[in-house]
Amino acid sequence: MTPDIEYGNLIQKLNTAQREAVSTTEGFVRVIAGAGSGKTRALSCRFAFLVNELGILPGNILCVTFTNKAANEMRQRIHNLTGDNDTGYVNTFHGFCVSVLQEDSFAVQYPKSFLVLDNADVDAMLQIIYEERGLTLRNMTFSMARDRIEILKLFKRPDYYRDMIALPLEALKEKYDNAVTVEDIIFYGYLYQEKKCFGLDYNDLIKFTLYIFKEREEIRLKWQQRLEYIMIDEFQDIDYLQYELMEVLCAWHKNLFVVGDPDQTIYTWRGADGSYLLDFDKKFPGTKTVMMMENYRSTPQILAAANSLIAKNTKRIPKELLPMLPDGGPVVCHFADRQDAEAKWISEEIKRLHEAGMPYSEITLLYRAHYVTRAIEQVFLQEKIPYTIYSGVQFYDRMEIKDALCYLRMIVYKDDLSFRRIVNAPKRNMGKRRMEFLQDYAEQHSCTLYQALQATWEDPVFKGTKAGQFVALVERFAGGQAGRPVSEVLADILNESGYEKMLRTEGSQERLDNLAELKQSVYEYETTCGEECTLEHYLSHVALFTNTDSLDSKGKVKLMTVHAAKGLEFPCVFLCGMNEGIFPSRKVRTLEAMEEERRLAFVAATRAENRLYLTRAESRNFDGSPQYPSRFILDIDRQLIQFTKEPREGLIKEAEDYIELSRKYLPDSESDIVFPVGQRIRHAVFGAGTVTDVDRDRGAHVIQFDSMDTPRRISFRVKMERI
Ligand SMILES: Nc1ncnc2c1ncn2[C@@H]1O[C@H](COP(=O)(O)OP(=O)(O)OP(=O)(O)O)[C@@H](O)[C@H]1O
């Protein structure tokens, strides 16, 4: 169905391809869109078209975005376009699963008020497990343990969720108690902790939803029938669980619209699979494909450089972005002698731009890895250039933000994690001894720590503490929060608990500012979320928020990794640290990974609207060998870049030789060099053995050789034969 849509300002602002994407509403539609070609615009217009022109109810549309930030923006746009407060299901896959589970978690015997766990929660659980079982960070750091849990959940023990659902808490505890290896202790300890507070992490959200859809036909049908139209953004980065969910959801109405750019697949390392986009038409016969190549974001100079760069990927469908904007300045490339000189040059250039009238907020520094910022930050501090880093400690991981959210969680869930975090912040004299008392009581009475305190706060143990006031505070808020705006509840509890007073006494202005920002973001959430925003609702979504979702950057230069910049655009971009070994990262071990790395460089370049700078410095690797200029600079035709000064003689040639050599040694893909766990192999010297683990970080297999008592780590570089 392609109704006549030559009306409405909305549609007039679209080009032909966008219009086609917007108005082809029925069946399977795939949009292959170039960077900056207006995907987001097309997506929000399509939503508005469905609602305004076809009369579809927003609540019957699912629109999946890649980040919460994108979802918020989309909601805002849709709100402006439709004037409707109901913006339907505009969310990430995880956020959507929260909605499903809030309605139907009873099917897995979980309460509606389950907890959505973020990294800090997981760390708090790990802390308990480590203490209980005498593990130390030498056994495994928390971040490694989190990765481990994720790998186990995704690949090695994908049926783990059945334990969480089917086993009673005591049985999970028994598994944990009986666990012997560090991996098992952490894994079962974590599952036990999760179940104990009805907590679900990101993986669980999707797994539980899929499980419910599989086991309960009536629930699946309800959601399938409800979602008359489904749209998915950034489809090139969808992973197999999300794909499975999508397949289930669209099976009834069969109206599925996906949009993506194969040249922007940058998450294969996290399970994304670009072939879902490329093979979409084979999977869904009758698919209509729309190509959107006209770029409205960047100057022709920036696009020419980006096109030239990405053309060097061999495994791609050839396509070129077409510039729509007028000419701008050249892409500038600066080679500095030293790292601090690179930083200095950037800061000088930024000052120059700023003096010429460009606000700091229009300038963004992108880099492959965080460590690149060290030198730059130092210079920015000296030169008093205001900046914010998007990441490092994530906004929602900051102590004060987490504490504030735990206060809110205490009101609703009264869970042990939140209790532990805030019962003594501000100081209420609830030290280690009293916590142990509560823990013993809770274990004996099979209750939560808070219930234990409720039952015992008059006990002499708590003499001289503020335990009684704490219980009274929580009870007062728990009894009176229903129906009040979350922002109000938050402001009140931060005040009445004495938390803000504590920060004021400490003189922690930055933390107070962060709390103010949190309040503002809650307020914004309330006014844009459309649905009735209860405290439960807010809490279950806030755990999914990440750093770039908040943070104001008014008047500040932004610093972020290229991954964090996905989907964003900035007037002026400095892409810095452009050296071999940094970007491309030294961890790249296959040609496939190198192509992904080039796509990442392409994403970086296409974020820039008017100005793009590429910078690097002469530097050395850890082993003393020289670091050459990034191949991604050399990939761009020379006449498309303007050097601030000619690179030193011979440098480019040396770099080209080095790159050529390194290319020769790269195997095609992981499957050529990495064996699965369990694979029998033969090593030229050690003989036959079995792969017991794969250590990707260090690029090695862990192998138990038949001839040895203990396992060895063997680098991917060494050729071994499959048996
Ligand atoms: N038809 C159009 N006319 C004028 N400007 C447009 C049009 N379509 C999109 N734009 C502008 O082009 C820019 C890029 O659009 P948008 O952010 O939607 O692109 P995108 O395809 O999502 O980009 P990317 O994949 O690179 O993140 C935006 O500033 C948008 O306002």
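Which residues does Leu575 touch, not counting residues up to four places away in sequence? Keep that in mind while you get set up; what you have open is a predicted model.

Start by selecting Leu575 and then add Leu366, Ala604, Ala605, Tyr613 and Leu614, the residues Leu575 touches once those up to four places away in sequence are set aside. You're now inside the largest nonpolar core, which has 186 residues. Leu575 is among the residues with the most contacts inside that core, along with Cys63, Ile230 and Ala605. Next, colour helix H19 (residues 399-412): the largest share of this core, 9 residues, comes from there.

Now hop over to the ligand. Show the 18 residues around the ligand, and pick out Ala35, Gly38, Lys39, Thr40 and Tyr296, which come nearest. By class, the shell splits into 4 nonpolar, 8 polar and 6 charged residues. Helix H3 gives the most to this shell, with 3 residues. Try colouring by domain too: domain 1 (16-103 + 208-292) and domain 3 (302-394 + 552-665) each supply at least three residues to the shell.

Zoom in on Ala35, in the loop between strand E1 (28-33) and helix H3 (39-53). Ala35 counts as buried because 23 other C-beta atoms lie within 10 Å. Leaving aside neighbours within four places in sequence, select the contacts of Ala35: Asp261, Gln264, Asn295, Leu321 and Thr606.

Last stop: Thr40, found in helix H3. Thr40 is buried as well, with 20 other C-beta atoms within 10 Å. Both Ala35 and Thr40 belong to the "binding site" feature that an unreviewed UniProt entry places at Ala33, Gly34, Ala35, Gly36, Ser37, Gly38, Lys39 and Thr40.

Key: Residues numbered from 1 in each chain as written. Predicted model: local features only at pLDDT ≥ 70, side-chain atom pairs only at ≥ 80, totals over all residues. UniProt positions renumbered as here; feature names shortened; annotations may be inferred. Helix = DSSP H or I, 4+ residues; strand = E, 2+ residues; numbered from the N terminus. Buried ≥ 20, exposed ≤ 12 C-beta atoms within 10 Å, placed from the backbone. Contact = placed C-beta atoms within 7 Å. Core = buried A, V, L, I, M, F, W, Y, C linked by C-beta atoms within 7 Å. Near = placed C-beta within 6 Å. Nonpolar A, V, L, I, M, F, W, Y, C, P; charged D, E, K, R; others polar. Domains from an automatic or database assignment.
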